[in-house]
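Welcome! Here are three exercises to work through at your own pace, each with a solution in steps.

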Protein chains: 2
Amino acid sequence: MAKLFAYLNNHNQPVRVADLAKALSAPRSSIYELVSVLSKEGLLEFCGEGNKVFFGKLMYVYGANFLSQNSILREGQLEVDRLALETHETFELCTLNQNRQAILYTRLGPRPMRIGSEIGSQFPLPWTASGRLLLSHMDEEAIDSLVLPEDYILPNGSVVDSGKFKNECRDALGAEIVVTQGLINTFTQCLAAPLKGSSGLIEATLCCVLPIDVDGDHKSFISAALKESASRLSRRT
Amino acid sequence: MAKLFAYLNNHNQPVRVADLAKALSAPRSSIYELVSVLSKEGLLEFCGEGNKVFFGKLMYVYGANFLSQNSILREGQLEVDRLALETHETFELCTLNQNRQAILYTRLGPRPMRIGSEIGSQFPLPWTASGRLLLSHMDEEAIDSLVLPEDYILPNGSVVDSGKFKNECRDALGAEIVVTQGLINTFTQCLAAPLKGSSGLIEATLCCVLPIDVDGDHKSFISAALKESASRLSRRT
DNA sequence: CATAGTCGTCCAGTATACTGGACTTGTGTC
DNA sequence: GACACAAGTCCAGTATACTGGACGACTATG
């Protein structure tokens, strides 16, 4: 079931049941059965032509429940919208999901250029500035048990040094902003600021994706705006 | 699993695992196991104190997927917001979910007064104006097989005549607006307008909840606004 | 501090759901 | 229209997950 959902999420559009079976390399009968059960429950829905399925109404309703309980997410969405509108850059709201950084919300600027920055896409933590913030409270041991060896391999094939990464995580503790350059690709940099919950723990990050060659004044302006937003949204202890 | 999700949805806040087991009258060990599996997958999350669980990030992400695929829902939300802002009344976006009417989105006016009009709450179809629209394309036989006998029992205990209900569904076919009064309670009326998909089928309804004693001019105004919004949002064939 | 009640874990037995093969139905091609 | 291939259904055997009871840990109460 988890794999099925993940596959639909990656495709972000209805998928034929037969294709699901192939893609998940599971018996067709199992997938037909599973899809039938989940669609009876309303978590999946048949839609359009050709026996295609996608997430159902209930999934949306349950997701809305999560949103209503999560004030950082709710306020963070508004803030991402506002920042994107004012600066014309791409902003994202990110959070830790298992051993990945998940993008919970995004608003594209006029020049979207980062791979897969759709809602629901997930990245290995060493790939992003947000990843360093999200792990900043953990010790080396905890990081080692969470981050898999293959997560250190960047899209271009080069490898992030795990010792260096853990140092950067430690340095991110208490930082107002973290910047990484040229990790996911060579032409962007990523500025991330921490959103802290009432416990003081970082619950999410506010992140901006900029071209690598943006001029210094503009970058400072974005950086200041991120810090201001993040500190305003963070809960006071 | 379906029951567990439904229970969390009804409570709309984190629930202790032990309470879940009681409420679902299932063995504690089963619920602990199930919750553990679902939270490992990210569909549920432990949150706050005292071993409480609620919907997880993945549920939100998957729900956002549904939203992105469903243009009527996306545009309908904006329209509900706009109508509520302009008229100061409560509007809802409703849809058919199995044999229930589900509220997918709502914006409260200054006098919210309808029971349970939260996102995700569901009603038997005979209780609402939207229900008549959502069933308007079905014949009597299809309606009988979908609507359970107990669905005809209103909250106050009185019973909707099933023949009359089916006539009202038939009359709703092609109607621009459907009004019901005093069904869910004695002091509200419900105005619903159909949102049609590209197939011409009613995919959702836009609905306004008014006090029963609202003056005629205001009601006409609301009614006209609903018709206008609904026809604008409906897909042309 | 003793006690009752609840909470969470563990485990073997059992029931449910998954598997994969055979079969039927649908679809596209020549 | 005949053919090949893919899509979808069905069924018995098996593996997985659920069950419920026993147990220890924790918490409130007198």
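**Exercise 1. Find which elements supply the surface near DNA strand D.**

Step 1. A residue is near a strand if one of its heavy atoms lies within 4 Å of it. Helices (H or I, at least four residues) and strands (E, at least two) are DSSP runs, numbered from the N terminus.

Step 2. At least two residues of this surface come from each of α2 (17-24) and α3 of chain A and α3 of chain B. With 4 residues, α3(B) gives the largest share.

Step 3. A word on the model: it is predicted, so local features need pLDDT of at least 70 and side-chain atom pairs pLDDT 80 or more, while totals for chains, interfaces and linings use all residues. Residues are numbered from 1 along each chain as its sequence is written, chains are lettered from A and ligands numbered from 1 in the order in which they are written, and side-chain values use heavy atoms, leaving out hydrogens and water.

Step 4. Sort the surface by class: 3 nonpolar, 4 polar and 5 charged residues. Here Ala, Val, Leu, Ile, Met, Phe, Trp, Tyr, Cys and Pro count as nonpolar, Asp, Glu, Lys and Arg as charged, and the others, Gly among them, as polar.

**Exercise 2. Locate polar side-chain atoms that approach the two DNA strands.**

Step 1. A polar contact with DNA is a pair of N or O atoms within 3.5 Å.

Step 2. On DNA strand D, a base nitrogen lies 2.5 Å from a polar side-chain atom of Ser29(B). Phosphate oxygens of that strand are 2.3 Å from the side chain of Ser30(B) and 3.1 Å from that of Arg16(A).

Step 3. On DNA strand C, the side chain of Ser29(A) comes to 2.6 Å from a base nitrogen. For phosphate oxygens of DNA strand C, the distance is 2.4 Å to Ser30(A) and 2.8 Å to Asn51(B).

**Exercise 3. Check the span of helix α9 of chain A and find its buried side.**

Step 1. The expected span is 1.5 Å times one less than the number of residues. Helix α9(A) has 18 residues (216-233), so it should span 26 Å, and its end C-alpha atoms are indeed 26 Å apart.

Step 2. Buried means under 20% relative accessible area (1.4 Å probe, protein chains only). Among the buried residues of α9(A) are Ile222(A), Leu226(A) and Leu233(A).

Step 3. The buried residues cover an arc of only 165 degrees around the axis, so they sit on the same side of α9(A). The arc is taken from the directions from the helix axis to the C-beta atoms.

Note on methods
A polar contact is a pair of N or O atoms within 3.5 Å; within protein, one must be able to donate a hydrogen and the other to accept it, and residues adjacent in sequence count only if both atoms are side-chain atoms. Buried means under 20% relative accessible area, exposed over 50%, partly exposed in between (1.4 Å probe, protein chains only).
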